[in-house]
Amino acid sequence: MKIFVQKGILADIKTQAIILALFQDQKELTGTSLLVDQASKGLITELINNGDFTAKPSQTAVIYTLGAIPAQRIALVGLGKKSEINLEKVRAAFSKVMQHLRSLNIKEAATSVDLDFLQEKAKIVEAVAEGSLLGLYQYNPYKTVGREDFREVEQLNIITEGNQYAIIAAAVKNAQIITAGVYFARDLISAPSNEMTPSIMAQKARRIARRKNVTCKVLDRAKMKKMGMRSLLGVASGSNEEPKFIILEYSGGSKNKAPVVLVGKGLTFDSGGISIKPAEKMEEMKSDMSGGAAVMATVMVAADLRLPLNVIGLIPATENMPGGNAYKPGDILKSYSGKTIEVINTDAEGRLILADALSYASVYKPAAIIDVATLTGACIIALGDDVIGMMGYDEKLKTEINRAACETGELVWELPLWEHYSELIKSDIADYKNTGGRAAGTITAAVFLSKFVGKYPWVHLDIAGPAWSGKDKAYIPKGAAGISVRLLTEYLRNLTVK
Ligand code: BES
Ligand code: MN
Ligand code: ZN
């Protein structure tokens, strides 16, 4: 869907549907809603007075105007109580109403954003555009039957009286760039692993690097071997797919400014390897590259937003497969850092590929390192399906991530990394072992990662829960969520306004 910003008055616009967002406890209509109501001789008041619409969060209602105004329909959507309003409610409401309009086979609609609450106007407009776009995401390149029935809203016009045109247009542009990043990540994650191999991920990264100030390097198996990335290569050894270490560099800041390094787990399929997973839901393990996809998308978004800073994306990409060459429980791997790892369980592969990538991050003398990974099932047990687990030692970085998370509505909760957890990953014959048992599984995974990070501020985000959604959520349709693209982007944007 395309979003256009246009000067005018909503009540005068000829469109298939006018969208109006209302508060639940609103005594009287105000602003644009009042104008539309007056122009339509009280159609909205009539509906509300009859109790058909109370503006509960994301409640929708459609009124046919029968020629009372140029618009064919008025679509109402509820925002809930004004005292409880936030950007999440706005995103959810616009997602819901756009999905409803799509179900009516509506191709274009118009709205105005005259909401005011404790947020900058630009943020509210961004939320309107984001909610609308994210909720309308569909993944159907593999559907060949019934394609003629697919529905798509093609256009949303945001109508403004004029004085705020520039602010609104800029906000819409930002939202379009950011949601394009989320769509990009969702597409990569949704693609089946036979069509989203490490090599194909690398190709996608090279396409990102067609942009100004973005370069891409891809290390192949031979190069990684030479460099000593044998922890990553251990995981890759069971697969016939070539592993790739993808390096995206965006230089939007001055040359001497330390970059932010983003590291994303790029497991294009996690079978568990020799410690093979049960068959149930194994197909969802095509999404084990969600962190890598989010990092690629974030570098793309940073470049498209022309953020004035330097960002590096590191994506170790491989499959985890059983086979004659596969690494085995008991094997010892020498990592890029030189530290040795005893493999206890080949299904704890994410930390092995991240270990080499995190050590490699030191090459950049980064200002911060953030890794994003679908790392542990234990994180789902601890925090549920909707929440990102955050771990790290750097209070400032964690605070910055938390702030960004509050703004984007991607829920983040911290788990502790106390010293005593290190005991759980000590190996008898190597430096570390790759699992610490069932207890505190998310934390021991993070502690393992921490051993491979140099002396730089670092935060680990475990996205195992929200990366893949088994059901429709407010503006995340069932399937690949593209989680943390907006979070990482917001974090980077916040760095630029200090
Ligand atoms: N990719 C999985 C974690 C995962 C599980 C993500 C379910 C999303 C949904 C990871 O590689 C894994 O298998 N972790 C193991 C670690 C264990 C062997 C210590 C796990 O969580 O069971
Ligand atoms: Mn695994
Ligand atoms: Zn995995």
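Which residue stands opposite His 460 in S18? The residue is Asp 371, and we will come back to that pair after a look at the whole chain.

A word on ground rules comes first. This is a predicted model, in which local features need pLDDT of at least 70 and side-chain atom pairs count only at pLDDT 80 or more, while totals for chains, interfaces and linings use all residues. Residues are numbered from 1 along each chain as its sequence is written, chains are lettered from A and ligands numbered from 1 in the order in which they are written, and side-chain values use heavy atoms, with hydrogens and water left out.

Let's start with the overall picture. The protein chain holds 14 helices and 20 strands; these are DSSP runs numbered from the N terminus, with helices being H or I of at least four residues and strands E of at least two. Its C-alpha trace spans about 80 × 50 × 40 Å along the principal axes. The radius of gyration is 24 Å, which agrees with the value near 23 Å for a compact globule of 498 residues; the radius is taken over C-alpha atoms, and the globule rule is 2.2 Å times the number of residues to the power 0.38. Of the 498 residues, 57% count as buried, where buried means under 20% relative accessible area, exposed over 50%, and partly exposed in between, using a 1.4 Å probe and protein chains only. The chain exposes about 21,100 Å², and carbon and sulfur atoms supply 51% of that; such areas come from the Shrake-Rupley method with a 1.4 Å probe, and for residues only the protein chains shown count as cover.

Now for strand S18, residues 458-462, where 5 of its 5 residues are buried. Trp 458, His 460 and Asp 462 point one way from S18, and Val 459 and Leu 461 point the other way. S14 runs parallel to S18, with 5 bridges joining them; strands pair if DSSP finds at least two bridges between them. Here we meet Asp 371 again, opposite His 460. Strand S15 (residues 388-392) runs antiparallel to S18 and is joined to it by 4 bridges, with Gly 392 as the bridge partner of Val 459.

Just along the chain, Leu 375 sits in the loop between strand S14 (368-373) and helix H11 (377-383). Leu 375 counts as buried because its relative accessibility is 11%. Not counting residues up to four places away in sequence, Leu 375 touches several residues, including Lys 265, Leu 354, His 460 and Asp 462; a contact means heavy atoms within 4.5 Å.

Elsewhere, an open sheet of 3 strands has the order S12-S13-S17, with mixed pairing. Strand S12 (332-334) and strand S17 (432-433) stand at the edges, each with a single partner strand, so one side of each has no neighbour in the sheet. S12 runs antiparallel to strand S13 (residues 340-342) through 3 bridges, and Lys 334 has Thr 340 as its bridge partner in S13.

Finally, the ligand. 16 residues surround ligand 1, and the closest are Lys 277, Asp 288, Asp 347, Glu 349 and Gly 377; a residue is near if one of its heavy atoms lies within 4 Å. A nitrogen atom of ligand 1 is 2.9 Å from an N or O atom in the side chain of Asp 288. A polar side-chain atom of Glu 349 lies 2.9 Å from an oxygen atom of ligand 1. The protein covers 76% of the 510 Å² of accessible area that ligand 1 has on its own.

Conventions: Polar contact = N/O pair within 3.5 Å; in protein donor to acceptor, adjacent residues only side chain to side chain.
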